[in-house]
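Welcome, and please open the model in your viewer. We will go from one selection to the next, with a short stop at each.

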Amino acid sequence: MPFEFGVGTTVGRESALEQFDATLDALEAGKSACIALDGEPGIGKTHLLTELTRRAEERGYLVLGGSATEFERDLPFGVWADALDAYVASQELELGESWNTENAQELADILPSLRRS
């Protein structure tokens, strides 16, 4: 019987998967980290991000996703706003006395969910 790969099986990416695990380990140790994936279309970046998401969620991390196109390069913080806005909207945040009004307004310029009528 031939071996069949399951949906989502990652093959030949052991180095990347080890880097993901090392990065998640660093986060658990309280360190900051960043992962950048780049390359030509079709080489499996989305699959790798899906695997990273799965591994992070298994460890209890909140995973948010954002996207942008090359036409949105001039939109400041566009990817961050895309990733954060729906999550911020789902939280019951009260902009109380501890919030700096000026900073809150600047943040609301980036995250529409923080805008108050």
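Start by selecting H2, residues 45-58. This is a predicted model, and a quick check of the helix geometry makes a good first stop. At 1.5 Å a residue, the 14 residues of H2 should span 20 Å, and the C-alpha atoms at its ends are indeed 20 Å apart, so expectation and model agree.

Now look down the axis of H2. Its buried residues fall within an arc of 135° and so line one face of the helix. To see them, show the side chains of Leu48, Glu51, Leu52, Arg55 and Ala56, which are the buried residues of H2. A rule of thumb helps here: an α-helix has 3.6 residues a turn, so residues three or four places apart point the same way.

Next, colour Thr46 and Glu58. Are they buried or exposed? Both are exposed, and they sit on the face of H2 turned away from its buried side. Then bring H1 into view, since H1 is part of what covers the buried residues of H2.

**Either end of H2**

Step past the end of H2 to Gly60, where phi is positive, at about 90°. Then go back to the loop between H1 and H2 and pick Gly44. Gly44 is partly exposed, with a relative accessible area of 26%. Add Arg13 to the selection and draw a distance between the two C-alpha atoms: Gly44 and Arg13 are 9.7 Å apart in space, although 31 residues separate them in sequence.

**A stop on H1**

Select Thr23, which belongs to helix H1. With a relative accessible area of 17%, Thr23 counts as buried, because the cut-off for that is under 20%. Which residues does Thr23 touch, beyond its neighbours within four places in sequence? They are Ala33 and Ile35. Keep Ile35 on screen for the next stop.

**The pockets**

Rolling a probe the size of a water molecule over the atoms shows where empty space is left. The largest pocket has a volume of about 1000 Å³. Its lining is made up of 26 residues, and those nearest its centre are Ile35, Leu49, Leu52, Val63 and Leu64. Leu52 is also one of the buried residues of H2.

Colour the lining by helix. H1 (14-28), H2 (45-58) and H3 (78-90) each give at least two residues to it. H2 supplies the largest share, seven residues. Now colour the lining by class: 19 residues are nonpolar, six are polar and one is charged.

Move on to the second largest pocket, with a volume of about 200 Å³. Select Gly66, Ser67, Ala68, Thr69, Glu70, Arg73 and Val79 to show its lining. By class, this lining has two nonpolar, three polar and two charged residues.

**Zooming out**

Finally, show the whole protein as a cartoon. How many helices and strands are there? The secondary structure comes to four helices and zero strands, and along the sequence the pattern reads α-α-α-α. Colour by burial, and the buried residues make up 17% of the 117 residues. As for contacts with a separation of 6 or more, 49% are between residues 24 or more positions apart.

Technical notes: Residues numbered from 1 in each chain as written. Predicted model: local features only at pLDDT ≥ 70, side-chain atom pairs only at ≥ 80, totals over all residues. Heavy atoms only, no water. 1 Å grid on protein atoms, 1.4 Å probe; cavity = no way out; pocket = protein on both sides within 12 Å on 5 of 7 lines; lining within 4 Å. Points joined across faces, edges and corners; volume = space filled by probe spheres on them. Nonpolar A, V, L, I, M, F, W, Y, C, P; charged D, E, K, R; others polar. Expected span 1.5 Å × (residues − 1). Buried < 20%, exposed > 50% of the residue type's maximum accessible area, 1.4 Å probe, protein only. Arc of directions from axis to C-beta. Contact = heavy atoms within 4.5 Å.
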